[in-house]
Amino acid sequence: MKRETLDMHASRYAVGLMSGTSVDGIDAAVVRIADGPGGEIAVSLIAFENRPYPAAVRQEIFELFDPVKATIDKVGSMNVLLGELYAEAALAVIKAAGFEPADIAVVGSHGQTIYHAPAAEKRHGHDIRYTVQIGEGSVIAARTGIPCVSDFRPADMAAGGQGAPLVPFTEYLLYREASRTLLLQNIGGIGNMTVIPAGCAPEDVYAFDTGPGNMIIDGVVERLYPGQLTMDIGGAIAGRGKVDEELLGFLAKEPYYAQPLPKSTGRELFGSAYIERLLGIAAQKGMKPEDVVATVTKLTAWSIGDAYRRYVQGRTPADVLIVGGGGSYNPVLVGFLRSEMESMGVEVLTQEEVGYSSDAKEAVAFAILADYAIKRKPNNLPNVTGAARPVIMGKISY
């Protein structure tokens, strides 16, 4: 490929690393970031790779989601191991871009979330919010020779925020339009929606977690087809099934859906215990596996539509919903989502249909967040996370 001249005053290259709640693997992106005359930025994707976790590592990460099993030695060891794996992913994508590590200004690594507790808990007279993302940034910096920004969430939480969602900051920079109100819907392990009103300022953007994305679908498939499947590839199973409206109605009563904004959620609510209860109900009803998968697939689409009706439609009616993340590759899920949204006058498009990459979107976001952190510029949206003020998120390792 043709090499570009690296001018640190006008443009630079950054690497973003992302590992989500589905624990599928490590997304790595090389991006070029250029400053515009009005303080805006232009971002272009140079290279992207996904490196699946080794099966044994993935299993060990899942064990850390259980606080009883997540002993200090196991968390500490995995923190360093993931740092090694993230560094390998960074070096691989840099090579794929035709670059050298010296060409890269900064690496931004989200890390692997193993626990997220955004609600304030009173302890010894203090309101405590906490979160744990592992994947040691100092290891990434040492192996690559590139400054690494990691552990983004705590700075926002220290300022009273939820530490999530973080990607809306970059979505505002990259997607905002003068005449259309956009919804950016990510369907990873968890679903999250960003609302970008037409012609808005940063403080007008709002976002929140809509509920489960692929997490329940993947968990149900993994248990119903043990040793065979870990996800419903292309919606093949759901496509053969029939939605059980009674079970769907029961699941829709989950209190999270009606919680006020700002709000975020994760595996702590929609993880293993939730899935076991769900499957217990399905077994009592004598449901076929494909019907269970179809029902939880519909639940994800319903939860997005419900979130729009509750929090967005009466406030900033949207023109378009742009869906990304792994769920955007499930045509059954996208079909359910289109039925939900288009009945309310909202067109549904995928990231690819508007010229972006579903796979790379979050890795690109953490490259941008790291770029802001290294330049000591605030990189959160307080209106989105609930923080009291803008903060510079991320811990820098050299």
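Buried means under 20% relative accessible area, exposed means over 50%, and partly exposed lies in between, with a 1.4 Å probe and protein chains only. The model is predicted, so that local features need pLDDT of at least 70 and side-chain atom pairs count only at pLDDT 80 or more, while totals for chains, interfaces and linings use all residues. Residues are numbered from 1 along each chain as its sequence is written, and side-chain values use heavy atoms, with hydrogens and water left out.

**Exercise 1. Classify Thr21 and Ile26 by accessibility, and list their contacts.**

Step 1. The UniProt annotation "binding site", from an unreviewed entry, covers residues including Thr21 and Ile26; such annotations may be inferred rather than shown by experiment.

Step 2. Thr21 sits in the loop between β1 (11-19) and β2 (25-35), whereas Ile26 belongs to strand β2, strands being DSSP runs of E with at least two residues and helices runs of H or I with at least four, numbered from the N terminus.

Step 3. Thr21 has a relative accessible area of 23% and is therefore partly exposed, while Ile26, at 3% relative accessibility, counts as buried.

Step 4. With contact meaning heavy atoms within 4.5 Å, and with residues up to four places away in sequence not counted, Thr21 touches Gly189, Ile190, Met215 and Arg267. Under the exclusion of neighbours within four places in sequence, the contacts of Ile26 include Leu17, Met18, Tyr53, Leu85 and Tyr86.

**Exercise 2. Describe how helices α1 and α2 pack.**

Step 1. Helix α1 (residues 55-64) and helix α2 (residues 72-96) have axes 11 Å apart and an angle of about 140° between them, where axes are lines fitted to C-alpha atoms over the stretch in contact and angles run from 0 to 180 degrees between N-to-C directions.

Step 2. That angle makes α1 oblique to α2, because angles under 35 degrees count as roughly parallel, over 145 as roughly antiparallel, 65 to 115 as roughly perpendicular and the rest as oblique.

Step 3. On the α1 side the contact is made by Val57, Glu60, Ile61 and Leu64, and on the α2 side by Lys74, Val75, Met78, Leu81, Leu82 and Leu85.

Step 4. These residues of the contact divide into eight nonpolar, no polar and two charged.

**Exercise 3. Locate Gly135 and state whether Gly135 is buried or exposed.**

Step 1. Gly135 is in the loop between β5 (126-134) and α3 (137-144).

Step 2. Its relative accessible area of 9% means that Gly135 is buried.

Step 3. Apart from neighbours within four places in sequence, Gly135 is in contact with Asn79, Leu82, Gly83, Tyr86 and Ile140.

Key:
Nonpolar A, V, L, I, M, F, W, Y, C, P; charged D, E, K, R; others polar.
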